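Good morning, colleagues. I should like to take a few minutes to go through one structure, and I ask you to keep the coordinates open while I speak.

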Amino acid sequence: MITLPTTDTTLRPGKLLCIGRNYAKHAAEMKSDVPDTPMVFLKPSTALVRSGGTVELPPQSQEVHHELELVAVITTGGKHIAQEDAMNHVGGYALGLDMTARDVQQQAKDRRHPWSVAKGFDTFAPLGAFVPADSIADVQQLTLSLSVNGETRQRGTTADMIFSVAELVAYCSSVFTLEPGDLLYTGTPEGVGPVQSGDTLIASGTGLPSLEVQVR
Ligand code: MG
């Protein structure tokens with residue numbers, strides 16, 4: 001076990017595991033099929049920015065989108081973790097945003113290139129403060145919402161995840177050795193959309209500390 005990373009702005013986990021298309025309505029709004037196994041991509045830890053920080057719009061993109069996500073933190077590492085045992089490896093939860101350069105991502109999709117650039121810019125992984133996992137009664141029954149300048153843009157429930165947190169941890173650990181501090185961004189519900197310089201994004205969720213970032 002490690003102590004939960006709180007609001008440390010120098011947090012540098014080994015990896016940020018991110019899940020694409022984990023909510024059917026988001027897959028539909030992206031005109032994508034629902035996957036039959038989890039779709040995993042990685043972000044670099046340099047993409048992290050903590051609550052109170054600023055998302056920097058990169059010059060390479062004209063269309064950066066918000067994706068509101070529940071984030072699980074691995075506090076006990078492992079490989080080939082059984083789904084039944086998976087929650088013993090998760091020590092806490094936080095709110096996160098999977099910022100996405102949608103135009104860059106579309107180009108990558110068209111060229112069959114990876115998403116690393118579209119997803120991996122500095123400050124593209126805002127992260128709130130953690131609560132201990134045992135403070136959350138049922139992680140698959142959390143309401144999540146995101147407002148932009150006070151207007152609600154995304155509202156969802158983790159009940160709609162295609163793959164549960166336990167399934168995702170088990171699946172990811174079949175590929176990667178999970179290490180304490182690794183973060184799992186679990187996918188976004190529908191309602192993604194563009195942000196502009198000057199926007200204030202506030203994420204909230206049942207039992208989770210709110211996450212606020214500015215866009216510049
Ligand atoms: Mg996402």
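**Notes on a predicted model**

I begin with I136, which counts as buried at 10% relative accessibility. Please bear in mind throughout that this is a predicted model. I136 belongs to the loop between β10 (131–132) and β11 (143–148). Which residues does I136 touch, not counting those up to four places away in sequence? They are Y93, V131, L142, T206, G207 and L208. Against T75, the C-alpha to C-alpha distance of I136 is 16 Å, for a sequence separation of 61 residues.

Let me turn to the metal. The magnesium ion has three protein donors named in the model: E67 and E69, each through OE, and D98 through OD, lying 2.0 to 2.1 Å from the ion. Their spacing along the chain reads E-x1-E-x28-D. Where do E69 and D98 lie? E69 sits in strand β6 (residues 68–74), while D98 is in the loop between β7 (90–97) and β8 (100–101), so this pair ties together parts that are 29 residues apart in sequence. Both E69 and D98 are buried.

E67 leads us directly to the cavity. The count of cavities of 30 Å³ or more comes to 1. The volume of the largest cavity is about 110 Å³. Its lining comprises 17 residues, and those closest to its centre are G20, R21, H26, E67 and W115. E67 is thus both a donor of the magnesium ion and one of the residues closest to the centre of the largest cavity. Which elements give two or more residues to this lining? They are β1 (16–20) and α2 (102–111). The largest share, 3 residues, comes from α2. As to the character of the lining of the largest cavity, 4 residues are nonpolar, 6 are polar and 7 are charged.

While we are on α2, I would draw your attention to R102, which is placed in that helix. Is R102 buried or exposed? With a relative accessibility of 8%, R102 counts as buried. Setting aside neighbours within four places in sequence, R102 is in contact with M30, E63, H65, E67 and V192. E67 therefore appears once more, here as a contact of R102, a residue that is buried at 8% relative accessibility.

Next, the cysteines. How many disulfides does the structure hold? The number is 0. For C18, the nearest cysteine sulfur is that of C172, at 9.4 Å, and C18 is in no disulfide. A disulfide requires the two sulfur atoms to be within 2.5 Å, so a pair at 9.4 Å does not qualify. C18 has 0% relative accessibility and counts as buried. C172 is likewise in no disulfide, and it is buried as well, with a relative accessible area of 1%.

C172 brings us to helix α4 (residues 165–175), whose buried residues are V165, A166, L168, V169, A170, C172 and S173. What covers these buried residues of α4? The cover includes β1, β2 (39–43), β6, β7 and β13 (183–185).

S173, one of those buried residues of α4, is also touched by H80, as is S174, when residues up to four places away in sequence are not counted. H80 is placed in the loop between β6 and β7. In contrast to the buried residues discussed so far, H80 counts as exposed, at 58% relative accessibility. H80 and V148 are 39 Å apart in space, C-alpha to C-alpha, and 68 residues apart in sequence.

Finally, I should mention two backbone details. K31 is not a glycine, yet its phi is positive, at about 55 degrees. K31 is located in the loop between α1 (24–29) and β2, and it is exposed, with a relative accessible area of 77%. T123, another residue other than glycine, has a positive phi near 70 degrees. T123 lies in the loop between α3 (116–120) and β9 (125–127). Is T123 buried or exposed? At 12% relative accessibility, T123 counts as buried.

To close, I return to E67: a donor of the magnesium ion, a residue among those closest to the centre of the largest cavity, and a contact of R102. Thank you for your attention.

Methods. Residues are numbered from 1 along each chain as its sequence is written. This is a predicted model: local features need pLDDT of at least 70, side-chain atom pairs count only at pLDDT 80 or more; totals for chains, interfaces and linings use all residues. Side-chain values use heavy atoms; hydrogens and water are left out. Buried means under 20% relative accessible area, exposed over 50%, partly exposed in between (1.4 Å probe, protein chains only). On a 1 Å grid over the protein atoms alone, a cavity is a set of points where a 1.4 Å probe fits but cannot get out, and a pocket is an open set with protein on both sides within 12 Å along at least five of seven lines; lining residues have an atom within 4 Å of a point. Grid points are joined across faces, edges and corners, and a volume is the space filled by probe spheres set on the points. Helices (H or I, at least four residues) and strands (E, at least two) are DSSP runs, numbered from the N terminus. Ala, Val, Leu, Ile, Met, Phe, Trp, Tyr, Cys and Pro count as nonpolar, Asp, Glu, Lys and Arg as charged, and the others, Gly among them, as polar. Donors are N, O and S atoms within 2.8 Å of the metal (3.2 Å for Na, K and Ca); water is not among the atoms, so sites may look incomplete. Contact means heavy atoms within 4.5 Å.
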